[in-house]
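Got your viewer open? Load the model below and follow along, one selection at a time.

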Amino acid sequence: AAKEMGRNRFNYFTHSMQQHAHYRMKLIQDLREAVAACDFDVYYQPITDLNTQQVVKVEALIRWHHSTRGAISPGEFIPIAEDTGLIMDIGDWIFRKAVNQIVAWRERYDIEVQISINKSPIQFRDEGQRFDAWFTYLEQKGVPGSCVCIEITEGLLLEANDNVSEKLLRYRDNGVQVSLDDFGTGYSSLAYLKRFDIDYLKIDRSFTNQLEEDENNVTLCEAIIVMAHKLGIKVIAEGVETKAQVEILQQMGCDYAQGYFYSRPLPCEQFELRYLAPNKRRHG
Ligand code: C2E
Ligand code: MG
Ligand code: MG
Ligand code: MG
């Protein structure tokens, strides 16, 4: 009987593995079609200046609404896009979309919003000629590089080859800013903070969302902020969900905050209505 059970378990196991493989293959196929049809949305999450409480920047976050499965989170499909190389076209698409949005907002509201765009290490590694195409596109659209910020992760800096530092330098030469995303979750080698020029450091939300409960987290965040400031780097706290967290971060001298306390990522029209349209009214 035990043997029988074992066999059944095994069958069950292979069956679910097959299902998983099938699910994944279908998802890859659907993702490929979505990329071909540019069937994505961009949501915008405000980044608030903790001194003035003004929204000064915004992060672009991709959304995929699957025809039968509904919303699939980037946490699920971005890794698949990276494995399949589809991330390259997705990256180009969201970049262009963001640049066009900057132009539209400038025309409509007479302000230049800086948009942050996530760029995974694989995009950096495999992009080849596409790299220059981004600068060409900015030029064509008449958008200064300073309206764009690229969010990279620690993994990229660990690879630490000349290619990476050269590219980061090219960004900065063109006025594009660079953020280090999810800080504290990777290897967090402090050496690369010295080696690479970075404008912002984003403290991962696993630190910010424990600020009230965990005194050690307060100490850690404070140390990160002091260190960043000494290196001339501004700090953005991610995943800020409560007023208490905002107050602690303000006391610590953190520069910016992003999170559900201020706003969830919003569809373009809602972001405009809430953050840009009132601005226009104020100025007549
Ligand atoms: P990320 O760049 O660290 O983006 C922040 C994530 O935290 C977003 O998840 C955002 O919705 C979520 N978030 C913001 N505030 C809060 C909060 O107060 N509480 C909680 N619990 N979550 C909050 P999202 O949109 O699901 O994106 C997940 C990740 O997928 C991003 O993490 C980024 O690494 C990646 N991603 C998203 N869009 C793109 C893209 O266009 N290109 C690439 N390469 N990666 C992307
Ligand atoms: Mg990010
Ligand atoms: Mg992050
Ligand atoms: Mg991330």
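Select Glu215, Asn216 and Lys230: these exposed residues (over 50% relative accessible area, 1.4 Å probe, protein chains only) sit on the face of H10 turned away from its buried side. The model is predicted, so local features need pLDDT of at least 70 and side-chain atom pairs pLDDT 80 or more, while totals for chains, interfaces and linings use all residues. Residues are numbered from 1 along each chain as written, chains are lettered from A and ligands numbered from 1 in written order, and side-chain values use heavy atoms, without hydrogens and water.

Now take the whole of H10, residues 215-230; helices here are DSSP runs of H or I with at least four residues, strands E runs of at least two, numbered from the N terminus. On its buried side (under 20% relative accessible area), pick Asn217, Val218, Cys221, Ile224, Ile225 and Ala228. Look down the axis: the buried residues fall within an arc of 130° (taken from the directions from the axis to the C-beta atoms), so they line one face of H10. Their cover includes strands S6, S7 and S8 plus helices H9 and H11.

At the start of H10, a side-chain oxygen of Asp214 comes within 2.9 Å of the backbone nitrogen of Asn216. After H10, click Gly232, with a positive phi near 75°.

Next stop, ligand 1. One of its oxygen atoms is 2.8 Å from a polar backbone atom of Tyr260, and an oxygen atom of ligand 1 is 3.0 Å from a side-chain N or O atom of Glu59.

Methods: The expected span of a helix is 1.5 Å times one less than its number of residues. Contact means heavy atoms within 4.5 Å. A polar contact is a pair of N or O atoms within 3.5 Å; within protein, one must be able to donate a hydrogen and the other to accept it, and residues adjacent in sequence count only if both atoms are side-chain atoms.
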